[in-house]
Amino acid sequence: MKGGPEIDELSAKILAIKTDIKEEYRAAHNKPWIIGFSGGKDSTLVLQLVVETLLELPWSERSRRVHVIANDTLVESPIVQTYVESLLSALSTSLPDLSLPIEIHKTTPLVDQTFWVNLIGRGYPPPTRFFRWCTDRMKIRPTTDYIRERITESGEVILLLGVRRSESTARAKSAKRYDGTGRLNPHNDLPGCFVFRPILELTTDEVWEYLFACAPPWAGSHQALMKLYRDATGGECPVVIDTDTQPSCGSNSIRFGCWTCTVVDKDKSFRNAMEKGFERLEPMANFRDWLKDFCYTEENRMTERRNGQAGLGPLKFDARKTVLDRLLALQDEVKVQLISSAEIRRIEEIWRDDASQHVLNRANRLLQLIGEGR
Ligand code: SF4
């Protein structure tokens with residue numbers, strides 16, 4: 001990078017980060033690295049800096065395995081999903097030429113725990129700030145399952161995350177806990193996993209500055225990433241690997257995170273600013289708004305919770321069926337797969353089980369009332 005004093009300051013910071021990465025990679029052990037990749041700017045930068053640093057090492061020193069994991073919630077925004085897939089495919093294609101020990105993996109939630117199986121199958125209402133059932137099932141568990149498998153294989157692993165102190169007040173607070181404790185910190189919930197945050201001290205401007213100035217070593221440019229962010233009104237949906245990072249999951253923009261996300265209020269103005277190529281998001285955004293209203297309408301909900309207590313319960317069976325029918329119609333309209341046949345099969349199984357449980361509960365309640373002489 002060339003330029004004035006600001007760029008020089010950034011060059012010094014990047015040099016220090018690469019030195020850290022190099023020292024850690026050359027440490028006298030062979031614990032595999034895992035890079036949590038969300039497709040956002042921060043994890044893109046971590047990936048790029050790792051690749052660039054490894055390329056500076058002689059071939060004989062590139063022995064430690066680096067796993068790049070990208071989690072797909074199966075309800076990702078199609079725009080981000082397309083971008084992530086094209087970046088990972090470019091990286092994968094260039095790996096043999098680059099001679100790097102990098103493996104790319106996609107993680108997904110179990111069929112039993114996807115957004116639609118929980119909402120349409122079990123009748124959970126769409127997630128809110130107070131009932132956020134999605135992040136753990138769709139993001140944390142698939143990623144941590146993958147990390148646990150690598151820990152079982154290797155004893156210990158190092159997880160590289162693109163978190164930055166200046167991201168938010170919450171992030172600054174959680175980063176402060178580790179100040180002065182060294183480069184690697186034990187993961188809160190995963191014994192054997194150590195967290196390395198190489199870009200912790202970079203500002204948002206510095207991240208963009210570097211990505212703007214330096215094309216990725218796996219070919220192409222960061223134009224698509226910049227375009228993705230340029231007109232988006234909300235934040236990105238980052239890699240979430242524990243409940244510490246959970247609060248920043250969700251985004252005001254339908255371009256980031258899950259397209260079904262109802263945890264934060266979506267900015268409806270994006271429809272007005274929608275440029276060519278994003279038209280198909282409009283019916284999806286309309287569906288999401290309808291879904292929230294429909295599922296939080298009392299008449300569409302059972303009067304008993306899953307645990308048998310009285311209160312606003314799961315969606316009624318006919319309401320679940322309505323959601324499925326409308327989702328399939330939307331899928332036909334936008335010509336993108338929104339639900340898989342494996343999910344539909346699991347939903348039908350749950351409906352059968354739930355229906356018999358419902359009949360059983362009613363019969364038990366009736367017997368109880370008879371027993372009480374009412
Ligand atoms: S983006 Fe929204 S729906 Fe998706 S996991 Fe995060 S909070 Fe849940």
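**Close-up 1. Leu369 and its nonpolar neighbours at the surface.** In this predicted model, Leu369 is partly exposed, with a relative accessible area of 34%. That value falls between the cut-offs of 20% for buried and 50% for exposed, so "partly exposed" is the right label. Leu369 sits in helix α11, which covers residues 341-371. Together with Leu366, Leu367 and Ile370, Leu369 makes up a nonpolar patch on the surface, and the four share about 410 Å² of accessible area.

**Close-up 2. Trp116 meets Phe287.** How are these two rings arranged, and how far is it from centre to centre? Trp116 and Phe287 form an edge-to-face pair, with 6.2 Å centre to centre and 75° between the planes. Trp116 belongs to helix α4 (residues 115-121) and Phe287 to helix α9 (residues 281-295), so their pairing ties together parts of the chain that are 171 residues apart in sequence. Buried or exposed, where do Trp116 and Phe287 end up? Both are buried.

**Close-up 3. A tilted pair, Tyr124 and Phe131.** Here the ring centres are 5.9 Å apart and the planes meet at 50°, so this pair counts as tilted. The partners don't share a label for exposure: Tyr124 is buried, at 14% relative accessible area, while Phe131 is partly exposed at 38%. Zoom out a bit and you'll find Tyr124 and Phe131 in a cluster linked by ring pairs, whose members also include Trp133, Trp259, Trp290 and Phe294. Trp116 and Phe287 from the previous view are in that cluster too. The chain's count of aromatic pairs comes to 12.

**Close-up 4. Strand β6 and its two partners.** Strand β6 (residues 193-196) runs parallel to strand β4 (residues 157-160), and four bridges join them. Look for Ile158 standing opposite Phe194 of β6. With strand β5 (residues 184-186), β6 runs antiparallel, joined by three bridges. One pair to spot there is Asn185 with its bridge partner Val195 in β6. What do β5 and β6 form together? They make a hairpin with six residues between the strands, and Gly192 in the turn has a positive phi of about 95°.

**Overview. The whole chain behind the close-ups.** Pull back and you can pick out 11 helices and six strands. Of the 374 residues, 51% count as buried. The chain exposes about 18100 Å², and carbon and sulfur atoms supply 53% of that area. Among contacts with a separation of 6 or more, 71% come from residues 24 or more positions apart.

How values were computed:
Residues are numbered from 1 along each chain as its sequence is written. This is a predicted model: local features need pLDDT of at least 70, side-chain atom pairs count only at pLDDT 80 or more; totals for chains, interfaces and linings use all residues. Side-chain values use heavy atoms; hydrogens and water are left out. Two strands pair if DSSP finds at least two bridges between them. Helices (H or I, at least four residues) and strands (E, at least two) are DSSP runs, numbered from the N terminus. Patches are made of residues with over 30% relative accessible area and no salt bridge: like charges are joined within 9 Å, nonpolar side chains (Val, Leu, Ile, Met, Phe, Trp, Tyr) within 5 Å. Accessible areas come from the Shrake-Rupley method with a 1.4 Å probe; for residues, only the protein chains shown count as cover. A salt bridge is a side-chain nitrogen of Lys or Arg within 4 Å of a carboxyl oxygen of Asp or Glu. Buried means under 20% relative accessible area, exposed over 50%, partly exposed in between (1.4 Å probe, protein chains only). Contact means heavy atoms within 4.5 Å. Rings of Phe, Tyr and Trp (its six-membered ring) pair if their centres lie within 6.5 Å; planes under 30 degrees apart count as stacked, over 60 as edge-to-face and the rest as tilted.
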